[in-house]
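Colleague: Before we begin, may I ask you to take me through the reasoning behind the labels used for this structure?

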Amino acid sequence: MSDNAIQTKKFSGWSVTIAAMVIVFCHMTIRGSFATLINGMVAATGWSTGAVSAGSSLFMVMYGLFAFFVGTYIGKLGSRKTYTIHGIIMGVGLFLCSYSKEPWQYWLFYGVIAGIGSGAFWAPVTSMVRQWFMDKLGLAMGLTTAAAGAAMAAGPLLSMLLISKLSWQIMMRVFGVILLVGICIAAQFTIMKPEDAGQKPLGYDNFMAKMAAAGGGQKKDEFYVPFKWATKHKAFWMLALLWFFSNFAEFIVFSHAINYVTKDLGYAKGPATYIYCMIGLLFIVSAIGTGGYVDKLTKKLGDPMKARKKTLTFSYISCAIMAAWLNYIVRLTANGGASMWAFAVYAVVYGFVYGIYIPTVAGFVGVTFGRKEMPACWGMISLIGMAGGAGLGPYIAGALRDATGSYFVAIWLATAFYVVAAVFVNLVQQPTREEVWGKQ
């Protein structure tokens, strides 16, 4: 659509962002509750930690696969139909999971079916928000991902209460209904890109004017990297690898944290869960604050890539330090579960630095490859990072715990992988216009 064909209308980007926040909240409530679900299901079913963790791994593998597939067909179906269909699939999968009697049934309904449904609710949603903003992109991404922090605070508490008072089966049914209804309603207020509503991204005119000024007054088209070209460039694979390693690490020190402090260190489940929920609360503050900070840092440095590299490096190194803290300081001060101050410090600091990289990576991908084909690029990177890293992390952590009797080795692995992610951040170099399109 040409600039002349785009009509001036009331900007819908913020209402789309609110709808995205609702979708992310519903989806992440399920993922955030897994830390309490592990403990509850192992106790109720007698299944091993590895068997229960395999459900989360399958869930994330299916999420990663369909995060990519959704990027290939959401343009044809539209965001409203796509999110509605996936909300129904995920809700039905969770509801059916509540009737599982054997591990394979749990893996099928929770891991595969609910996992397929979840594929539409992170990479496609954050890609949608990216389409609407050139100015205030950091703030929009921060608000969207802050909803994940709210879910990570509410999900474990609701999960713990439902499991302890009723059962894990009732928890699955309640979550399935909430998710299905919430996502299906929010989906009706989504629009995949501003051009679909006859609008422009926020800050589009100023952005294009700056490009023209930098080019000696000659008007240039909006820069973007075609998906097929992007997959042949090393920047794509650096981004995919950093997302793989950070998700692998995250799904050890986040998803298994409650099981670690209760099983290995002797904490009571209730207080451990309340402390754990502080991760989500600090995530909210950090995600919103980071968005605004990155926008300001971009203006100060004049380089959105450099601003995000600095932010991500700080976040990943800090996460590595807190993983080491979890393995040593929390363990050494636990005193059989009587002392919890070190775990509280972990929850506060990890929640804050964790909330920095989640919104920043999505924006990093969007800046590196441009707006137009971000859904496909971010979908493929999510396939590698989530199906690979987040898919392997929960199962390997659970299997190592079963094999060694503790989480010590798994947490060390997470520490190392956060450091590796920080290295890959600094290896990413944005393709130039000349590289992609040649001299024009």
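Modeller: Helices here are DSSP runs of H or I with at least four residues, numbered from the N terminus. Please bear in mind that this is a predicted model.

Colleague: Where does asparagine 335 lie in terms of those helices?

Modeller: Asparagine 335 is placed in the loop between helix H15 (329-333) and helix H16 (341-369). Its phi is near 55°, a positive value in a residue other than glycine.

Colleague: Why is asparagine 335 called exposed?

Modeller: Exposed requires a relative accessible area over 50%. Asparagine 335 has a relative accessibility of 62%, and therefore counts as exposed.

Colleague: What makes the contact of aspartate 264 and arginine 401 a salt bridge?

Modeller: The rule asks for a side-chain nitrogen of Lys or Arg within 4 Å of a carboxyl oxygen of Asp or Glu. The N to O distance between the side chains of aspartate 264 and arginine 401 is 2.9 Å, so the pair satisfies the rule. Aspartate 264 belongs to helix H12 (residues 257-264) and arginine 401 to helix H17 (residues 374-404), so the bridge ties together parts that are 137 residues apart in sequence. By this rule the count is 1 salt bridge.

Colleague: How do you know whether arginine 401 is buried or exposed?

Modeller: Buried means under 20% relative accessible area. Arginine 401 has 17%, so it counts as buried.

Colleague: How many aromatic pairs are counted, and what makes phenylalanine 66 and phenylalanine 69 an edge-to-face pair?

Modeller: The count comes to 28 aromatic pairs. Rings pair if their centres lie within 6.5 Å, and planes over 60 degrees apart count as edge-to-face. For phenylalanine 66 and phenylalanine 69 the centres are 5.4 Å apart and the planes stand at 80°, so the pair is edge-to-face. Both residues lie in helix H3 (residues 49-77), 3 residues apart, about one turn of the helix.

Colleague: Why, then, is the pair of phenylalanine 95 and tyrosine 99 called tilted?

Modeller: Their centres are 6.2 Å apart and their planes are at 55°; this angle falls between the limits of 30 and 60 degrees, so the pair is tilted.

Colleague: What sits over the ring of tyrosine 99?

Modeller: The charged end of arginine 173 does, 4.5 Å from the ring centre. Tyrosine 99 itself has a relative accessible area of 47%, which lies between 20% and 50%, so it is partly exposed.

Colleague: Which residues do ring pairs link into a cluster?

Modeller: The cluster consists of Tyr267, Phe283, Tyr316, Phe343, Tyr346, Tyr350, Tyr354, Tyr357 and Tyr418.

How values were computed. Residues are numbered from 1 along each chain as its sequence is written. This is a predicted model: local features need pLDDT of at least 70, side-chain atom pairs count only at pLDDT 80 or more; totals for chains, interfaces and linings use all residues. Side-chain values use heavy atoms; hydrogens and water are left out. Helices (H or I, at least four residues) and strands (E, at least two) are DSSP runs, numbered from the N terminus. Buried means under 20% relative accessible area, exposed over 50%, partly exposed in between (1.4 Å probe, protein chains only). Rings of Phe, Tyr and Trp (its six-membered ring) pair if their centres lie within 6.5 Å; planes under 30 degrees apart count as stacked, over 60 as edge-to-face and the rest as tilted. A charge sits over a ring if NZ of Lys or CZ of Arg is within 6 Å of the ring centre and within 35 degrees of the ring normal.
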